[in-house]
Amino acid sequence: MQEGQYESPVPTVADRVAQTVVARHLMERVEPAFHDDSWGYRPNRSALQAVERCRERCWRRDWVIDLDIQKFFDSVRWDLIVKAVEAHTDATWVLLHVKRWLAAPLQLPDGTLQDRTMGTPQGSAVSPVLANLFMHYAFDLWLSREFPSVQFERYADDAVVHCVSERQAREVLAALADRMESVGLRLHPDKTRIVYCKDGKRRGSYEHTSFTFLGFTFQARGARDGKGAMFLSFSPAIGKDALKKLNEEVRKWRLHQRVNHTFGELAKGINPIVAGWMQYYGRFYRSKLYPLLGRINAYLVRWIRNKYKRLRGVKKARQCWEGITSGYPRMFTHWKWVASVW
């Protein structure tokens with residue numbers, strides 16, 4: 001069974017309210033205990049902060065373990081989740097709700113229900129805190145206890161571990177594999193790897209010199225120092241898979257075919273979405289996002305040509321485009337970064 005293939009039955013209004021109350025009850029008790037390098041689904045913490053911390057540590061430590069836990073949400077052991085909850089609350093009503101939600105059957109694509117014996121349902125208000133609580137004991141505290149000098153960033157089930165040498169990385173990875181097995185999880189044999197954070201100063205030839213974390217691919221990239229001189233830095237930028245998904249989303253908009261809309265209406269529709277992409281993926285090495293933004297502009301030029309017969313020629317459409325972008329530079333959010341057509 002692939003993770004995300006099935007969905008839990010749609011919860012009732014009463015269930016949603018109960019899940020929210022239970023999540024709040026648990027968060028008040030577990031939040032103070034969580035590790036400082038746990039970043040997912042916690043107040044005043046974000047994925048971008050995790051990426052920032054990861055970048056800083058990659059500059060200081062040469063090796064990374066890129067962890068991928070196989071089918072995490074499908075494999076979590078119920079007894080260990082309940083045990084973790086019991087460590088932070090003795091409220092009977094909370095434990096009863098948690099046990100009931102864990103045992104809720106999965107809904108198959110054809111609408112039928114399938115009983116489960118492990119895993120935690122996704123999409124509910126309580127799921128993130130249960131997943132975080134499980135990984136707090138299964139990963140965070142264990143790693144801090146067994147390898148206190150090793151640093152990491154974890155966002156839900158996605159984690160990066162920093163090591164000072166390849167030997168240490170191999171030792172930690174072997175121990176982590178055993179640890180995950182002991183709590184009912186398994187590291188993905190193909191996606192979990194040891195990575196050398198190669199840059200302009202780190203030499204040698206290694207099998208893996210890049211990894212992806214929270215949608216950003218870390219690898220050697222050109223950068224400028226304080227004096228303007230170029231050098232190679234091991235840094236994050238939007239990853240290939242993330243960029244592919246955004247491009248697919250832009251294509252689905254079919255902007256060039258929406259000739260019954262005005263230019264302003266198109267802007268109103270896509271600006272909030274594109275602004276979110278810019279805020280997140282543009283945080284690091286934002287030039288990697290420019291081709292995508294230019295592609296949006298190309299669709300808009302096609303819209304002009306389809307909307308107005310007199311502007312169907314490429315030259316006239318481009319002239320019109322230049323007039324709009326210079327006269328209304330803030331109409332589309334992304335024009336402050338890319339106003340040209342790629």
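## Pocket, sheets and two cysteines

Biologist: Let's start with the largest pocket: which element gives the largest share of its lining?

Modeller: Keep in mind that this is a predicted model. The space in the largest pocket comes to about 1000 Å³. Elements that put two or more residues into its lining are S1, S7, S8 and helix H8 (240-253). With four residues, the largest share of that lining comes from H8.

Biologist: And which residues of the lining are closest to the centre of the largest pocket?

Modeller: There are 32 lining residues to pick from. By class, they split into eleven nonpolar, nine polar and twelve charged. The ones closest to the centre are Asp68, Asp158, Thr212, Leu214 and Asp241.

Biologist: Let me step back to the protein chain. How many helices and strands does its secondary structure come to?

Modeller: The chain has 342 residues, and 45% of them count as buried. Its C-alpha trace spans about 70 × 55 × 35 Å along the principal axes. The secondary structure comes to eleven helices and nine strands.

Biologist: Now the sheet with four strands: which strands stand at its edges?

Modeller: The order is S4-S5-S1-S6, an open sheet with antiparallel pairing. From one strand to the next, the twist averages 20°. A strand with a single partner has one side left without a neighbour in the sheet, so the edges are S4 and strand S6 (193-196).

Biologist: Strand S5 sits between S4 and S1 in that order. Is S5 largely enclosed or largely open?

Modeller: On one side, S5 pairs with strand S1 (residues 63-68) over six antiparallel bridges, and Leu67 has Ala159 as its bridge partner there. Strand S4 (residues 151-155) is another antiparallel partner, with five bridges to S5; in that pairing Gln151 stands opposite His162. Buried here means under 20% relative accessible area. Five of the six residues of S5 (residues 158-163) are buried, so the rest of the structure leaves this strand largely enclosed.

Biologist: Which residue takes a positive phi in the hairpin of S4 and S5?

Modeller: This hairpin has two residues between its strands. The phi in question is near 60°, and the residue that takes it is Ala156.

Biologist: What about S1 and S6: which residue of S6 stands opposite Val64?

Modeller: S1 and S6 are an antiparallel pair with four bridges. Within this pairing, the residue opposite Val64 is Val195.

Biologist: Over to the sheet with three strands: which are its edge strands?

Modeller: The order runs S7-S8-S9, again an open sheet with antiparallel pairing. An edge strand pairs on one side only, and that describes strand S7 (211-213) and strand S9 (230-238).

Biologist: What does the twist average from one strand to the next in the S7-S8-S9 sheet?

Modeller: The pairing behind that sheet has three antiparallel bridges between S7 and S8, and nine between strand S8 (residues 216-224) and S9. From one strand to the next, the twist averages 50°.

Biologist: Thr212 came up at the pocket. Which residue is its bridge partner in S8?

Modeller: Thr212 takes part in the pairing of S7 with S8, and that pairing is antiparallel. The hairpin of these strands has two residues between them, and Leu214, also among the residues closest to the pocket centre, takes a positive phi near 55° there. The S8 residue in question also stands opposite Ala237 in S9. The bridge partner of Thr212 is Thr217.

Biologist: And the other hairpin, S8 with S9: which residue in the turn has a positive phi?

Modeller: Along this pairing, Ala220 stands opposite Phe234. Five residues lie between the two strands of the hairpin. In the turn, a positive phi of about 90° belongs to Gly228.

Biologist: Last topic, the cysteines. Cys58 and Cys197 caught my eye, so how far apart are their sulfurs, and why is there no bond?

Modeller: Both residues are buried: Cys58 has a relative accessible area of 0%, and Cys197 is likewise at 0%. A disulfide needs the two sulfurs within 2.5 Å, and a search of the whole structure finds zero disulfides. For each of these cysteines, the other holds the closest cysteine sulfur. That gap is too far for a bond, because the distance is 4.1 Å.

Definitions and conventions
Residues numbered from 1 in each chain as written. Predicted model: local features only at pLDDT ≥ 70, side-chain atom pairs only at ≥ 80, totals over all residues. Heavy atoms only, no water. Buried < 20%, exposed > 50% of the residue type's maximum accessible area, 1.4 Å probe, protein only. Pairing = 2+ DSSP bridges. Axes fitted to C-alpha atoms, helices over the stretch in contact; angles between N-to-C directions. 1 Å grid on protein atoms, 1.4 Å probe; cavity = no way out; pocket = protein on both sides within 12 Å on 5 of 7 lines; lining within 4 Å. Points joined across faces, edges and corners; volume = space filled by probe spheres on them. Nonpolar A, V, L, I, M, F, W, Y, C, P; charged D, E, K, R; others polar.
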